[in-house]
Amino acid sequence: MKLQFSAAFEFYQKHINRTDFFQLLNSHGLKTSGSVPSIAWELFGSVLTGKKGKSGYGADLEGVEIKSAIAGSSFEYQYHLDTGLDKLKEDQSVDHFFCSYAPDYQSFQVYFMSGKKLAPYFAKWIPEYLKNYNKVEGATSVEASARRQRFRRSVPYGWVANNGLLLMKVEGGRLIFPE
């Protein structure tokens, strides 16, 4: 897959790094962090990879999962009762892009990791998922009111930064890497 760094950076400048909006938030005593929804990062990932969104459940894009989190925070994965097991299996084969951003969105990094490299996480989560939804063979069904709606697990930022491939870095609103 040929990555479109220039187009992705332009998207960032126009749709993520909205300094006028952030100044307005701050002038009203509101936080900047959290003002960019995850769908904006998914669209950023689509522009970067050239992959289109996928309908239904599963990876965000065709063959690609996009994760975003504030700098230093873990990247959360959520799995639903009816579709979670298929998603856990799919996550082992799709590519993963991790966007780690500063609270003011002036800086961020994008890391890449294959599903194969992340497979030990997902493989470990499968029995936990099954237990969470009482889907273990021989287990009795859990009443709907007692079930958790989502099964959530995270991949630590430090593990991604140490084991992933740094693809893109922006500091102070400027593209630092790749040049």
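In the predicted model, K67 is a buried residue, its relative accessible area being 12%, and its side chain forms a salt bridge with E65 in which the closest N and O atoms lie 3.2 Å apart. The partner, E65, is likewise buried, with a relative accessible area of 2%. A further salt bridge, between E128 and R153, has an N to O distance of 2.8 Å; because E128 belongs to helix α5 (residues 115–132) and R153 to strand β5 (residues 150–155), this pair ties together parts that are 25 residues apart in sequence. E128 is partly exposed at a relative accessible area of 26%, and R153, with a relative accessibility of 26%, also counts as partly exposed. Through salt bridges that share partners, E65 and K67 are joined with K87 and D91 into one network.

In total, seven salt bridges are counted in the model. One of them links E90 to K54, with the closest N and O atoms 2.6 Å apart. Since E90 lies in helix α4 (residues 84–91) and K54 in the loop between α3 (38–49) and β1 (64–70), the contact ties together parts that are 36 residues apart in sequence. K54 itself is partly exposed, with a relative accessible area of 31%.

The loop between α3 and β1 also holds D60, an acidic residue that is buried yet has no salt bridge. The nearest side chain of opposite charge is that of K67, at a distance of 5.5 Å, and this pair is therefore not counted as a salt bridge, for which a side-chain nitrogen must come within 4 Å of a carboxyl oxygen. The side chain of D60 instead reaches the backbone nitrogen of I66 at 3.0 Å. When residues up to four places away in sequence are set aside, D60 touches E42, G53, K54, E65 and I66; the contacts of D60 thus include K54 and E65, of which K54 is bridged to E90 and E65 to K67.

Turning to the strands, β4 (residues 108–114) and β6 (residues 165–171) run antiparallel and are joined by five bridges, and within this pairing Q109 stands opposite K169 of β6. Strand β6 is also paired in the antiparallel sense with β7 (residues 174–177), over three bridges, where K169 stands opposite F177. K169 accordingly faces Q109 in one pairing and F177 of β7 in the other. The hairpin formed by β6 and β7 has two residues between the strands, and in it G172 takes a positive phi near 55°.

The largest nonpolar core comprises 25 residues, and those with the most contacts inside it are I16, W41, F44, F97, F108, V110 and M168. At least two residues of this core are supplied by each of α1 (5–16), α2 (19–27), α3, β1, β3 (95–101), β4 and β6, with α1 giving the most, namely five residues. The paired strands β4 and β6 are thus both among the contributors to this core. F44 illustrates how the contacts are distributed: with residues up to four places away in sequence left out, F44 touches A8, F11, Y12, I16, C99, F108, V110 and M168. Apart from this core lies another, of 19 residues, whose members include A69, Y77, L118 and W125.

Key. Residues numbered from 1 in each chain as written. Predicted model: local features only at pLDDT ≥ 70, side-chain atom pairs only at ≥ 80, totals over all residues. Heavy atoms only, no water. Pairing = 2+ DSSP bridges. Helix = DSSP H or I, 4+ residues; strand = E, 2+ residues; numbered from the N terminus. Buried < 20%, exposed > 50% of the residue type's maximum accessible area, 1.4 Å probe, protein only. Lys, Arg positive; Asp, Glu negative; His and termini not counted. Polar contact = N/O pair within 3.5 Å; in protein donor to acceptor, adjacent residues only side chain to side chain. Contact = heavy atoms within 4.5 Å. Core = buried A, V, L, I, M, F, W, Y, C linked by side-chain atoms within 4.5 Å.
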